[in-house]
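This report walks through part of one protein chain, section by section. Please look at the sequence and the structure before reading on.

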Amino acid sequence: MGAAVDHVTAMGMSGGSAEGNDKSQGQRFSCKSKLTALVVDNGGVCRAIQTALLRSYGVDTEAVETGEAAVELIASGATFSLIIIEMLLPFMNGPETAKQIRAMGSQSKILGITAFFDERDQQEFLAAGADDFIEKPLSPEIVIPIIRELDN
């Protein structure tokens with residue numbers, strides 16, 4: 001695993017902050033429970049932005065560059081409330097990563113994400129065990145409802 005794990009504090013946002021701005025509803029929002037997330041994206045900027053956004057809402061977030069690193073992390077016993085997986089990853093793509101994580105018994109909410117939405121990709125991700133599939137960028141309008149659902 002080693003170098004594949006990326007602990008990101010990016011874009012001037014403080015990691016682990018318990019509050020974030022929910023501009024879509026004009027109020028501050030932060031999760032009440034201890035939620036954890038894993039971001040799997042080989043694009044450094046996207047990985048940093050997604051990680052910073054989740055952390056801004058109080059979600060303890062870890063990031064890796066490859067599907068193999070994500071599978072290795074889960075196999076080592078790490079658990080996450082939410083796993084966000086990029087469609088186009090080197091070696092093991094997003095759907096294969098989701099499939100392997102599900103095969104290990106993970107009950108995490110899995111969100112497939114891509115820069116270019118394609119219905120075939122969506123079907124492939126959902127068939128592999130993802131709960132949802134969206135087009136980038138990850139935004140508060142997408143993240144807040146997911147966090148609320150996980151946070152109850």
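## Terms and source

A polar contact is a pair of N or O atoms within 3.5 Å; within protein, one must be able to donate a hydrogen and the other to accept it, and residues adjacent in sequence count only if both atoms are side-chain atoms. Helices (H or I, at least four residues) and strands (E, at least two) are DSSP runs, numbered from the N terminus.

The model is predicted: local features need pLDDT of at least 70, side-chain atom pairs count only at pLDDT 80 or more, and totals for chains, interfaces and linings use all residues. Residues are numbered from 1 along each chain as its sequence is written, and side-chain values use heavy atoms, with hydrogens and water left out.

## Helix α4

At the start of α4, a side-chain oxygen of Asp118 comes to within 2.8 Å of the backbone nitrogen of Arg120. After the helix comes Gly129, which has a positive phi near 115°.

Helix α4 covers residues 119-127, and its buried residues (under 20% relative accessible area, with exposed over 50% and partly exposed in between; 1.4 Å probe, protein chains only) are Asp121, Gln122 and Phe125. Viewed down the axis of α4, these fall within an arc of 100° (taken from the directions from the helix axis to the C-beta atoms), so they line one face of the helix. Glu119, Arg120 and Ala127 are exposed on the other side of α4. The cover over the buried residues of α4, in terms of contact (heavy atoms within 4.5 Å), includes β6 (82-86), α3, β7 (109-114) and β8 (132-135).

## Strand β6 and its neighbours

In β6, 5 of its 5 residues are buried. Leu82, Ile84 and Glu86 point one way from the strand, while Ile83 and Ile85 point the other way.

Two strands pair if DSSP finds at least two bridges between them. β6 pairs in the parallel sense with β4 (residues 36-40) over 4 bridges, and Val39 stands opposite Ile84. β6 also pairs in the parallel sense with β7, over 5 bridges; there, Lys109 is the bridge partner of Leu82. The chain runs from β6 through α3 to β7 in a right-handed β-α-β crossover (with the strands pointing away from the viewer, the path from the first strand over the helix to the second runs clockwise).

## Thr97 in helix α3

Thr97 belongs to helix α3, residues 94-103. Is Thr97 buried or exposed? Thr97 counts as buried because its relative accessibility is 0%. Leaving out residues up to four places away in sequence, Thr97 touches Gly67, Ala70, Val71, Ile85, Leu89 and Met92.
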